[in-house]
There are 2 protein chains.
Amino acid sequence: MPDPIDFRRRFAGRRVLITGGLGFIGSNLTRALLGFGAKVTIIDSLEPAYGGNRRNLAGVAGRVKIHIADVRDWPRLPGLVRNQEFLFNLAGQTSHMDSMTDPQTDLDINCRAQLAILEACRQHNPKVRIVFASTRQIYGRPDYLPVDEKHPLRPVDVNGINKLAGESFHLLYARVHGIQATALRLTNTIGPRMRIKDARQTFVGIWIRRLLEGRPFEVWGGGQLRDFTYVDDAVEAFLLAAVRPEAAGMVFNLGGPRPVTLSQLAGLLVKANGGGEFAVREFPADRQKIDIGDYYADDRLIGRRLGWKPRTDLPTALRRTLEYYRTEWRHYV
Amino acid sequence: MPDPIDFRRRFAGRRVLITGGLGFIGSNLTRALLGFGAKVTIIDSLEPAYGGNRRNLAGVAGRVKIHIADVRDWPRLPGLVRNQEFLFNLAGQTSHMDSMTDPQTDLDINCRAQLAILEACRQHNPKVRIVFASTRQIYGRPDYLPVDEKHPLRPVDVNGINKLAGESFHLLYARVHGIQATALRLTNTIGPRMRIKDARQTFVGIWIRRLLEGRPFEVWGGGQLRDFTYVDDAVEAFLLAAVRPEAAGMVFNLGGPRPVTLSQLAGLLVKANGGGEFAVREFPADRQKIDIGDYYADDRLIGRRLGWKPRTDLPTALRRTLEYYRTEWRHYV
């Protein structure tokens, strides 16, 4: 974790709330903040279909207040939000397919609960500094590449519609109510502690599981361009957005060092693993209908404003991720 | 009501469900459909803060099945949706200010219930033809005038965010699930049976109330450009969108004959009334924060595709509206 603006000085002794703190990015963020001396409180539902996993805080759990609570449980929110100085808002339903088969659950978490969190802040802690985990999914199928923050927002699935509403509430509360909120539009994020049990959080998860189990993994389509952010780089973006006053009310894309096709990614993963097999398959029809085609982010805005850039190249990101799961695999499947 | 494509032939004996059917546009639509021989069922919550009013169906209520039900009451939706051939989906929370002070109620009606309605259709009546009442509010502050359907969608209040999600669900269900849904983005609509008790549905309502009570009304700002659709013209657009197969999956703006400033509108209203007073006031601060500035619609797309245009000029619209409330006033205040 680079420390260009002295995160220790900014976070030591500060009260930080993280929703989804037992999840992939949330737990890596928790670990970073503990390293800087922050007092971290976590909300996580540990819903089995989502990213939360107690193993993600192995070795540090005793230094964190952990509330197994659901952001849909509104009465608990005011008590949790009160007196916090920072709120990293990462709780979410991430599966695009699940959002199509169970749209109301996606809405209740990604849209309705977000408004409840913001109302709790407005009423009980209007000075809290919020960073919200948004997603490139809200752009839908790109009109042009790379996609910058001015690209039209035309989500192609229920998850994208709800995440867009959730992001919009954050920016509205910043503009109208003076809540200091920043939204980061994440692309595919990979690294230790991601969900590998299935493709609900990222398709790379199930690829890694299959690879480590010695089974071939499936690449759907294969030609789509994508960019990948290593989790430590994503964590740095959340921290920067939280401490830089000029980030309040802003929205920033996060991207990766360079885009690759999914087939290229599969090849890099097999190479990083020192072997393995994959098969390129046609898209399933129900998945094709909500696919966004090629995507990669123009992330120069956060570079100019906050000095962030993705530092970890893809082979390194894949190697570190595989290293983690070689020993930790059994806790994640 | 003009009848360019023989609405009687298209609607006679057909089963039609109207959400918000006791409201302003819903009740005018109900009356038109009864005139064409349709079998109309209505859902309306009669929530006192919204547009529903039993007086709106005076003289025809006996020919309509009326369910006093809330679209937030999901268990009732499948039974209501089943076997309907058309669904005019107009139930909504319309107050921008209320959406800021009670955002969750706005979300539950304008966003969450819309998804529940669509899920009920998908599961129990996927062949139903839906026309959804969307709003120009989803555009936010215009980048250019007149605003066409390609204008960026950047809502400036909670109501706009939720209506955008509600519209997006309709178009997504059209694209992915084959539900035949059309969205109409309404601008200010005026006419008999609108709410005049306060400004919750349209500011023109409270203007008319004050005028008929012999009191001065307040114009906030005054210089903002707006367009106004007479309700009979809006009703015609709903009917056209429902019967034209090429409208499925589409979104269309509705506009008025020509834009006027709010001060001009106030002058026209006083003239139509044969007297009255108004005062131009500064915007209240909380209202200013969510104001969209100038707006008027480019409605040529629905003109080209469906042959619709606003036929009723503004002086005529105002005169007919005032005529209605001169005798009906006491049922609306």
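**Reading a predicted two-chain model**

Biologist: In this predicted model, how many bridges join E4(B) to strand E5 of chain B, and in which sense do they run?

Modeller: E4(B) and strand E5 (residues 129-135) of chain B run parallel, and four bridges join them. Within E5(B), B:Ile130 is the bridge partner of B:Leu87.

Biologist: What lies beside E4(B) in strand E1 of chain B?

Modeller: Strand E1 (residues 15-19) of chain B also runs parallel to E4(B), joined by four bridges. There B:Leu17 has B:Leu87 as its bridge partner in E4(B).

Biologist: How should one read the two faces of a strand?

Modeller: The general idea is that side chains in a regular strand alternate between the two faces of the sheet. In strand E4 (residues 86-89) of chain B, B:Phe86 and B:Phe88 lie on one side, with B:Leu87 and B:Asn89 on the other. These four residues are all buried, and both faces of the strand are thereby covered.

Biologist: In what order do the strands of the sheet in chain A stand?

Modeller: The order is E3-E2-E1-E4-E5-E6-E11, an open sheet of seven strands with parallel pairing. Strand E3 (65-68) and strand E11 (251-253) of chain A are the edge strands, each pairing on one side only. From one strand to the next the twist averages 15°. At the E3(A) edge, strand E2 (residues 39-44) of chain A pairs with E3(A) over four bridges in the parallel sense, and A:Asp44 stands opposite A:Ile68.

Biologist: Which strands does helix H8 of chain A touch?

Modeller: Helix H8 (residues 231-243) packs on the sheet of chain A, touching strands E4, E5 and E6; its direction makes about 160° with that of E6(A).

Biologist: Which residues touch the most other members of the largest nonpolar core?

Modeller: They are A:Leu184, A:Phe238, B:Leu184 and B:Phe238, in a core of 208 residues. Leaving aside residues up to four places away in sequence, B:Leu184 touches several residues, among them B:Val131, B:Phe238 and B:Phe252.

Biologist: How are the two chains related?

Modeller: A rotation of 180° with 0.0 Å of shift along its axis superposes chain A on chain B, with an RMSD of 0.0 Å. The two copies are therefore related as by a two-fold rotation axis.

Biologist: How many residues does each chain bring to the contact?

Modeller: Chain A gives 20 residues and chain B gives 20 residues. On the side of chain A that touches chain B, H5(A) gives the most, with eight residues. By class, that side has 15 nonpolar, two polar and three charged residues. Because 100% of the interface residues of chain A are also interface residues in chain B, the copies meet through the same surface.

Technical notes:
Residues are numbered from 1 along each chain as its sequence is written. Chains are lettered from A and ligands numbered from 1 in the order in which they are written. This is a predicted model: local features need pLDDT of at least 70, side-chain atom pairs count only at pLDDT 80 or more; totals for chains, interfaces and linings use all residues. Two residues are in contact if their C-beta atoms, placed from the backbone, lie within 7 Å. Helices (H or I, at least four residues) and strands (E, at least two) are DSSP runs, numbered from the N terminus. Ala, Val, Leu, Ile, Met, Phe, Trp, Tyr, Cys and Pro count as nonpolar, Asp, Glu, Lys and Arg as charged, and the others, Gly among them, as polar. Two strands pair if DSSP finds at least two bridges between them. Axes are lines fitted to C-alpha atoms, for helices over the stretch in contact, and angles run from 0 to 180 degrees between N-to-C directions. Copies are superposed by least squares on the C-alpha atoms of residues with pLDDT of at least 70 in both. A nonpolar core is a set of buried Ala, Val, Leu, Ile, Met, Phe, Trp, Tyr and Cys residues joined through C-beta atoms within 7 Å. A residue is buried if 20 or more other C-beta atoms lie within 10 Å of its own, exposed if 12 or fewer, and partly exposed in between; C-beta atoms are placed from the backbone.
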